[in-house]
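Here is a friendly walk through one protein model, with a cavity, some salt bridges and two helices as stops along the way. Please keep the sequence and the 3D view open as you read.

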Amino acid sequence: MYMIKEKVLEELAEQVIKGKALNKDEALSLLRIDDKDVLALMNAAYKIRSCYFGNKVKLNMIINAKSGLCPEDCGYCSQSIVAETPIEKYAWLTKETIIQGANEAISRKAGTYCIVASGRRPTDREVAHVIEAVKEIRDTTDLKICCCLGFLKPNHAQALADAGVHRYNHNINTHRDQYEEICSTHTYDQRIDTVQEAKKAGISPCSGAIFGMGESEEQQVEMAFELHNLDADSIPCNFLVAIEGTPLGGKKELTPVQCLKILAMMRFINPTKEIRISGGREKNLGTLQPLGLFAANSIFVGDYLTTKGQQPLDDWKMIDDLGFEIEECAL
């Protein structure tokens with residue numbers, strides 16, 4: 001096993017900036033670095049982050065345009081058909097409500113507005129509904145628009161692209177080898193296919209993972225390389241919130257230091273990509289949230305789909321206290 005020493009972290013970061021691709025042993029060594037060296041690790045990750053993104057932080061806001069009622073059995077999700085979590089369930093929000101959400105995103109200083117809907121895949125009518133809202137948002141704002149609507153047919157991907165959708169999110173979620181333990185109603189390859197359909201249509205691909213669902217460190221590294229191979233422009237790093245009423249409810253979360261190591265490893269493997277600290281940021285990183293931004297350059301602001309987030313004012317203050325700057329226009 002390749003063991004990395006604190007004194008070579010900075011040199012490794014400089015090599016990555018010059019174009020070096022880490023091998024799996026080197027990446028794994030970042031996850032296994034001694035906890036006392038985590039600040040040195042974050043400093044090395046920051047060298048890479050600052051090279052490509054300076055001290056700017058991208059803010060993203062989610063609107064849950066369709067909640068619950070999902071036929072899939074994803075073990076982490078409170079909107080799944082197998083979940084017993086008491087959440088609000090509703091069919092599609094109106095076009096006007098989705099547009100109002102865009103204005104709320106601007107008030108929160110978010111540059112990217114994410115329209116998310118539960119379900120396996122959208123119908124023709126649902127895609128048309130989203131497109132109506134997207135066109136008006138594009139005509140009246142400078143927001144980058146991301147959609148996350150489930151599996152995509154080629155014609156739906158093209159229609160969204162033609163309407164002006166900039167980005168499409170579809171996460172790999174977990175490692176291929178344990179996918180069936182997390183979800184049995186669709187496959188890992190179907191998720192990969194949807195990312196590829198978005199890319200074919202000319203939409204920027206957004207794909208990430210949920211860490212802390214029982215995967216090994218080796219699998220965490222392999223997931224990072226999978227996302228690198230997918231060439232995802234934006235990589236959301238979610239940390240499991242073990243929601244009561246879901247099959248994974250009560251599962252032990254990662255420690256804050258483990259989360260920092262994962263973020264740093266993701267930055268080393270995907271140096272030029274937007275690394276976003278996503279769901280579970282507040283619960284899993286806790287008081288170490290600011291340190292995460294030395295590797296990541298993006299966060300969600302406000303609430304998530306069915307869980308609460310940090311208040312925007314607190315996020316703004318955290319960014320300002322770090323001496324970083326919000327990138328209000330993501331285009």
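A residue counts as buried under 20% relative accessible area, as exposed over 50%, and as partly exposed in between (1.4 Å probe, protein chains only). Helices (H or I, at least four residues) and strands (E, at least two) are DSSP runs, numbered from the N terminus. This is a predicted model, in which local features need pLDDT of at least 70 and side-chain atom pairs count only at pLDDT 80 or more, while totals for chains, interfaces and linings use all residues. Residues are numbered from 1 along each chain as its sequence is written, and side-chain values use heavy atoms, with hydrogens and water left out.

Let us start with helix α10. Of its 14 residues, 11 are buried, so α10 is largely enclosed by the rest of the structure. Among the buried ones are Cys259, Leu260, Lys261, Arg267 and Phe268. The expected span of a helix is 1.5 Å times one less than its number of residues. For α10 this gives 20 Å, and its end C-alpha atoms are 20 Å apart, which agrees.

Lys261 of α10 leads on to the salt bridges, each defined as a side-chain nitrogen of Lys or Arg within 4 Å of a carboxyl oxygen of Asp or Glu. How many salt bridges does a search of the whole structure find? It finds 20. Three of them are set out here.

| Salt bridge | Closest N and O atoms |
|---|---|
| Asp35 and Lys261 | 2.6 Å |
| Arg276 and Glu274 | 3.4 Å |
| Glu10 and Lys47 | 3.8 Å |

Asp35 forms a salt bridge with Lys261. This pair links distant parts of the chain, 226 residues apart: Asp35 is in the loop between α2 (24–31) and α3, and Lys261 is in helix α10 (residues 256–269). Asp35 counts as partly exposed because its relative accessibility is 48%, whereas Lys261, at 7%, counts as buried.

Glu10 forms a salt bridge with Lys47. Here too the pair links distant parts of the chain, with Glu10 in helix α1 (residues 6–17) and Lys47 in helix α3 (residues 38–53), 37 residues apart. Glu10 is partly exposed at 38% relative accessibility, and Lys47 is partly exposed at 26%.

Are Arg276 and Glu274 buried or exposed? Both are buried. Elsewhere, Arg32, Glu217 and Glu218 are linked in a network of salt bridges.

Now for the cavity. On a 1 Å grid over the protein atoms alone, a cavity is a set of points where a 1.4 Å probe fits but cannot get out, and lining residues have an atom within 4 Å of a point. Grid points are joined across faces, edges and corners, and a volume is the space filled by probe spheres set on the points. The whole-structure search finds 1 cavity of 30 Å³ or more, with a volume of about 940 Å³. Its lining has 42 residues, and Tyr76, Cys77, Asn171, Ile210 and Leu305 lie nearest its centre. The elements that give two or more residues to this lining are β1 (56–66), β2 (112–117), β3 (144–148) and β7 (234–239). By class, the lining has 21 nonpolar, 17 polar and 4 charged residues, where Ala, Val, Leu, Ile, Met, Phe, Trp, Tyr, Cys and Pro count as nonpolar, Asp, Glu, Lys and Arg as charged, and the others, Gly among them, as polar.

The last stop is Pro290, which lies in helix α12 (residues 289–292). Pro290 is partly exposed, with a relative accessible area of 27%. Leaving aside neighbours within four places in sequence, Pro290 is in contact (heavy atoms within 4.5 Å) with Met318 and Leu322. The C-alpha atoms of Pro290 and Ala161 are separated by 35 Å, and the two residues are 129 residues apart along the chain.

Technical notes:
On a 1 Å grid over the protein atoms alone, a cavity is a set of points where a 1.4 Å probe fits but cannot get out, and a pocket is an open set with protein on both sides within 12 Å along at least five of seven lines; lining residues have an atom within 4 Å of a point.
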